[in-house]
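Dear colleague,

Please find below the structure for your review. The findings follow directly after it.

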Amino acid sequence: MYGLIGEKIWIDDERSAPDGYRWCRTYDQAIAIIEYFDGCENGIDEICFDHDLSGEKTGYDIAKYIVEKHISIGGYHVHSMNPVGRQNIIALMTHYGYNYMIPQYIQEREKNYGYNSKINF
């Protein structure tokens, strides 16, 4: 949708972001970054969600914000270890037509190390 030059956003309070991703540790950080880059010419290419964040708000709350505000993104991935939270984010985003994708960092792991893309990273 936006190509390779759009912003890549990693939402996780504990796991550091892969190279090339902007790391958001909280709901408020993620919303601020999403709002900022949604207004930029190249937009948001990719968002990688964790569900359980420090604080009361979760990755699911961020996904609801994206859906409610009709924020355009190239695709998304959920790397959460919380299976219920993970499925809830995927169900919401898929229902509203957002593209689930295998991020570049996982594709590179598969190519270089033989990882299986179906494993939850």
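The secondary structure of this predicted model consists of four helices and four strands. Along the sequence they are arranged as β-β-α-β-α-β-α-α. The chain has 121 residues, of which 46% count as buried. Among the contacts with a separation of 6 or more, 68% are made by residues 24 or more positions apart.

Helix α1

Helix α1 spans residues 27-38 and so comprises 12 residues. From its first C-alpha to its last it reaches 16 Å, close to the 16 Å expected at 1.5 Å a residue. Its buried residues are Tyr-27, Ala-30, Ile-31, Ile-33, Ile-34 and Phe-37. These residues lie on the same side of α1, because they cover an arc of only 165° around the axis. The exposed residues Asp-28 and Tyr-36 are carried on the face of α1 that is turned away from the buried side. As for what covers the buried residues of α1, the elements include strands β1 (7-11), β2 (22-24) and β3 (44-49), together with helix α2.

Glu-7 in strand β1

One residue of strand β1 may merit your attention: is Glu-7 buried or exposed? Its relative accessibility is 16%, and a residue counts as buried under 20%, so Glu-7 is classed as buried. Glu-7 is found in strand β1, one of the elements that cover the buried residues of α1. Leaving aside residues up to four places away in sequence, Glu-7 touches Arg-22, Phe-37, Gly-43, Ile-44, Asp-45 and Glu-46. Of these, Phe-37 is also among the buried residues of α1. A further relation to that helix concerns Ile-34: the C-alpha atoms of Glu-7 and Ile-34 are separated by 9.2 Å, while the two residues are 27 residues apart along the chain.

Helices α2 and α3

How are the axes of α2 and α3 placed with respect to each other? Helix α2 (residues 59-68) and helix α3 (residues 83-95) pack at an angle of about 5°, and their axes are 9 Å apart. Since angles under 35 degrees count as roughly parallel, α2 and α3 are therefore roughly parallel to each other. On the α2 side, the contact involves Gly-59, Tyr-60, Ala-63, Lys-64, Ile-66 and Val-67. These meet Asn-88, Ile-89, Leu-92 and Met-93 in α3. By type, the residues of this contact divide into seven nonpolar, two polar and one charged.

With kind regards

Terms used
Residues numbered from 1 in each chain as written. Predicted model: local features only at pLDDT ≥ 70, side-chain atom pairs only at ≥ 80, totals over all residues. Heavy atoms only, no water. Axes fitted to C-alpha atoms, helices over the stretch in contact; angles between N-to-C directions. Helix = DSSP H or I, 4+ residues; strand = E, 2+ residues; numbered from the N terminus. Parallel < 35°, antiparallel > 145°, perpendicular 65-115°, else oblique. Contact = heavy atoms within 4.5 Å. Nonpolar A, V, L, I, M, F, W, Y, C, P; charged D, E, K, R; others polar. Expected span 1.5 Å × (residues − 1). Buried < 20%, exposed > 50% of the residue type's maximum accessible area, 1.4 Å probe, protein only. Arc of directions from axis to C-beta.
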